[in-house]
Amino acid sequence: MKIRLLSYLLIFVAIAMISCGKQRTVAIDIPYDGDKIVLNSIMTNDSIVYAHITKSASAKASIDSLTELSGCTVDLYENNQLKETLAETLINGRRYYVSKSKTLSNRSYTLKASGGKLQGVEGTDQIPAKPGFSPLEFWKISNPPDSLKPYRMTIKIKDPAGEKNYYRLKIYSASYNTGTKRYTINKNSEISFSLDNFIDEKGVFGVVSDNLSRTGFFTDDTFNGQEITLNLSLRTASGERLYVAPELMALSKQAYLYFDSKKKQENNKDNPFSEAVIVYNNISGGYGIVGGMADSITVIKRLN
C-alpha cells in the first residue's frame, strides 16, 4: 500500500514539475447553437423596468463585442395581462427598453421580446416583498485586532416564516448635508465587509464568512421565520466613516440563482482546477435572466 501511494506521489510531482517548466495552450472547440436573443432585466419593486437586449455570440467572442439589438418589440405583462410596450432608449451610450409604469411587490412580471429574424424570447419572475430589516449599531473599534476591519455593524432581520427567502446585502458610503438636512447615498462607493455570524436570543448559531466582499448572498436556511441579528465587520478606507447605508435585498429564487452562479463563475475564472460554472438562465427561446428583487435601504450614523 505504501509503495503504491509513493508511486502516485512521484507521478504527481513529475507532472507538476513538467507543468511548471513548460506551458501549453489547449484549444477547446465549444459548439455554438446559432444566434439567439439575449434578454437581461433585473426588476426592483416600485421601479420602472429596464431591459437590455443583445445578440448571442460564440464562446470565442469577447463580452465587449456583443451586439445590442435595436428596433425590438418588448412587451411587459403583469400577472399575465399585457401592461405596456417598452420604449427604446439610449442611456449613457447603451441601448435599453424602458417602461413607464413601476413594478409592485408580490406580482408576477413577464417580458416578451422579438426582433428581426431571430426567434422571440420571454422570461417570467415575481417581485418579492420588501425585507424586514433595521440597522442597530455602527461603531469603530479603537484598537482592532484586524486593522483592515476597524468598523463593526449590527443589523436586525425579521424573516417571514413558512417560505424560503433569499437575500443580498450591500453597504454604501453615505453623507449628511446640515444645510438641506438630507442624506445622500453614494451607490458608486461600495464598502467591503465580512458577514461574521448570525445571532438569535440564545447566542451565536451561524458563522457565515470571514472573507471581505462588497456583496453578501445568503438564505434563511438556518433562521427561517426568526428575528435575528447579523454581525458585520467593515473594511477601513482613507478618511473616517461617519455615515453608511446598508441595503438588504430580498431576491426571488431565480434572481438568487443568477447572481450566485455569476459570482461563482467570476471567482473561478482564474482557477484552472475549478469546475466550470454555467450562469443561470431562465429565458425561453434564448439566453439571459428576468429576475425580481425588493430593496430596503437606510442610513446609519456611527456611534463614536
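This is a guided tour of one protein chain, with a suggestion at each stop of what to select and a note of what is there.

**The whole chain**

Begin with the whole chain in a cartoon view, keeping in mind that this is a predicted model. The secondary structure comes to 2 helices and 20 strands, and buried residues make up 37% of the 304 residues in the chain. Among contacts with a separation of 6 or more, 66% are between residues 24 or more positions apart. If you switch on a surface, its accessible area comes to about 18500 Å², and 50% of that belongs to carbon and sulfur atoms.

**The largest nonpolar core**

Next select Met153, Ile157, Leu169, Phe218, Leu232 and Leu234, which are the residues with the most contacts inside the largest nonpolar core, a set of 22 residues. The strands that each supply at least two residues of this core are β10 (132-140), β11 (151-158), β12 (166-177), β14 (193-200), β17 (227-234) and β18 (243-251). In soluble globular proteins, nonpolar side chains tend to be buried together.

Now centre the view on Leu169 and leave aside its neighbours within four places in sequence: among the residues in contact with Leu169 are Ile155, Phe193, Leu195, Phe218, Leu230, Leu232 and Leu248, and the list also includes Arg214, Thr215 and Glu247.

**The second core and Val49**

A second, separate core has 19 residues, and Val49, Ala51, Val74 and Leu111 are included in it. Select Val49, which is found in strand β2 (residues 48-55); with a relative accessible area of 1%, Val49 counts as buried because the cut-off is under 20%. Not counting residues up to four places away in sequence, Val49 touches Ser41, Met43, Leu76, Leu86 and Leu111, and also a group that includes Tyr97, Val98, Ser99, Ser101 and Thr103. Add Lys100 to the selection as well: Val49 and Lys100 are 51 residues apart along the chain, yet their C-alpha atoms are separated by 8.0 Å.

**Thr103**

From Val49, move to Thr103, found in the loop between β7 (94-102) and β8 (108-115). Thr103 counts as buried, at 1% relative accessibility. Show its side chain, and look for the polar atom that lies 2.6 Å from the backbone oxygen of Thr44. Beyond its neighbours within four places in sequence, Thr103 is in contact with Thr44, Asn45, Asp46, Ser47, Val49, Tyr109 and Ile127.

**The loop between β4 and β5**

Select Asn79 and Asn80 together; Asn79 is found in the loop between β4 (73-78) and β5 (81-85), and Asn80 lies in that loop too. Most residues other than glycine have a negative phi. Here Asn79 has a positive phi of about 50 degrees, and Asn80 has a positive phi of about 70 degrees. Asn79 counts as partly exposed at 40% relative accessibility, whereas Asn80 is exposed, with a relative accessible area of 65%.

**Helix α2**

Finish with helix α2 (residues 253-268), whose 16 residues should span 22 Å at 1.5 Å a residue, and whose end C-alpha atoms are 22 Å apart, which agrees. Within α2, colour Ala255, Tyr256, Tyr258, Phe259, Asp260 and Ser261, which are buried. To see what the buried residues of α2 pack against, show β1 (37-44), β9 (118-126), β12, β16 (216-219), β18 and β19 (287-297).

Methods: Residues are numbered from 1 along each chain as its sequence is written. This is a predicted model: local features need pLDDT of at least 70, side-chain atom pairs count only at pLDDT 80 or more; totals for chains, interfaces and linings use all residues. Side-chain values use heavy atoms; hydrogens and water are left out. A nonpolar core is a set of buried Ala, Val, Leu, Ile, Met, Phe, Trp, Tyr and Cys residues joined through side-chain atoms within 4.5 Å. Buried means under 20% relative accessible area, exposed over 50%, partly exposed in between (1.4 Å probe, protein chains only). Helices (H or I, at least four residues) and strands (E, at least two) are DSSP runs, numbered from the N terminus. Contact means heavy atoms within 4.5 Å. A polar contact is a pair of N or O atoms within 3.5 Å; within protein, one must be able to donate a hydrogen and the other to accept it, and residues adjacent in sequence count only if both atoms are side-chain atoms. Accessible areas come from the Shrake-Rupley method with a 1.4 Å probe; for residues, only the protein chains shown count as cover. The expected span of a helix is 1.5 Å times one less than its number of residues.
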